[in-house]
Amino acid sequence: MAFQPKQITHYEASHLAELQGDVSETAIKYSLGLIPPFSDGDAIHDNACGSGAVTTCIMESLAPGTNIHIDATDINPQFVEGCAALAKSHNWPVSTAVMSAQQITFPADHFTHSITSFAFHCLGDHDTAAKNIYRTLKPGGIAIASIWVYMPHVEALQHAHWRTRGKDGPMPALLPLEGFQEADLRKSLETGGFIDITCSEKDCFLKIGDMKRWAQLAWSYLGALPSGWSQNDEDKWDEAIADIVEQLKSGDGISKNDKGETVLRMVCIMAVAKK
Ligand SMILES: C[S@@+](CC[C@H](N)C(=O)[O-])C[C@H]1O[C@@H](n2cnc3c(N)ncnc32)[C@H](O)[C@@H]1O
């Protein structure tokens, strides 16, 4: 097995949910408000489902008695397992599968909706992902794809990367210097086959009570280099976490609320695209 620093958090769906707080759900609820309500017979793909934030928002917003089905898929088996357990615990009409967004195995013209929430910027070949979304949607079907275009913690984590690994090496794959922006999302969806695309922007606020705990979760998930973790990362783990905590004390988009929590302003772009 590849080297892992002894301090790393071994990710499960619950860790991703803790890292995201309720910020994704706030954004997802907003994006669901941009499309007509779900109705009987809808077949929905929660693509790159993570810990199941989209599935949860859909199920919580559904008018009682509405008969839908959700397929929740992700490349990470731990996340899929967590999502399956969540759906089972609520008795939701959800099937889960480990699946790459580049190799969606559902047939063409299958879904009424395909939702890819906060994943386009980090899933690798996004054009192939967009083609798969387009292919698996029914004609007239709706895709939602959302991305974060501004997150103050990215700079804090990049700072910790440079501090503990020097300035010269490659960046962690999930902390690229060139962010994925609205134009990139639009271009990718167009490459996928979509013509009718509308983008909206929304500010969301992530509240963090225990910053050290949050930094630990963030570095464990986002800090890995393309080549993986090294002994140096283990040796400098505490320095990286302390640096992230320090960087997130103040700066652009960072404030404190009356509960003493740190509040990070995050900006998202939501694209609604029709096939
Ligand atoms: C930031 S999380 C978002 C999760 C969830 N959609 C949400 O909004 O909370 C990004 C997700 O993309 C998944 N992912 C990354 N690359 C992927 C790929 N190639 N195919 C499918 N899922 C992928 C990750 O495992 C992770 O669950």
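I count as a polar contact a pair of N or O atoms within 3.5 Å; within protein, one must be able to donate a hydrogen and the other to accept it, and residues adjacent in sequence count only if both atoms are side-chain atoms.

**Setting.** The model is a predicted one, in which local features need pLDDT of at least 70 and side-chain atom pairs count only at pLDDT 80 or more, while totals for chains, interfaces and linings use all residues. I number residues from 1 along each chain as its sequence is written, and side-chain values use heavy atoms, with hydrogens and water left out.

**Ligand.** I looked first at glutamine 102, where a polar side-chain atom lies 2.9 Å from a nitrogen atom of the ligand. Taken alone the ligand exposes 600 Å², of which the protein buries 91% (areas by the Shrake-Rupley method with a 1.4 Å probe). Backbone atoms take part as well: a polar one of isoleucine 75 is 3.4 Å from a ligand nitrogen, and a polar one of glycine 50 is 3.5 Å from a ligand oxygen.

**Helix 10.** I then asked which residues of helix 10 (residues 237-247) are buried, meaning under 20% relative accessible area (1.4 Å probe, protein chains only), with exposed set at over 50%. They are Trp237, Ala240, Ile241, Asp243 and Ile244. Seen down the helix axis they fall within an arc of 160°, so they line one face of helix 10; the arc is that of the directions from the axis to the C-beta atoms.

**Aspartate 258.** I found aspartate 258 exposed, with a relative accessible area of 79%, and its C-alpha atom is separated by 26 Å from that of histidine 15.

Definitions and conventions
Helices (H or I, at least four residues) and strands (E, at least two) are DSSP runs, numbered from the N terminus.
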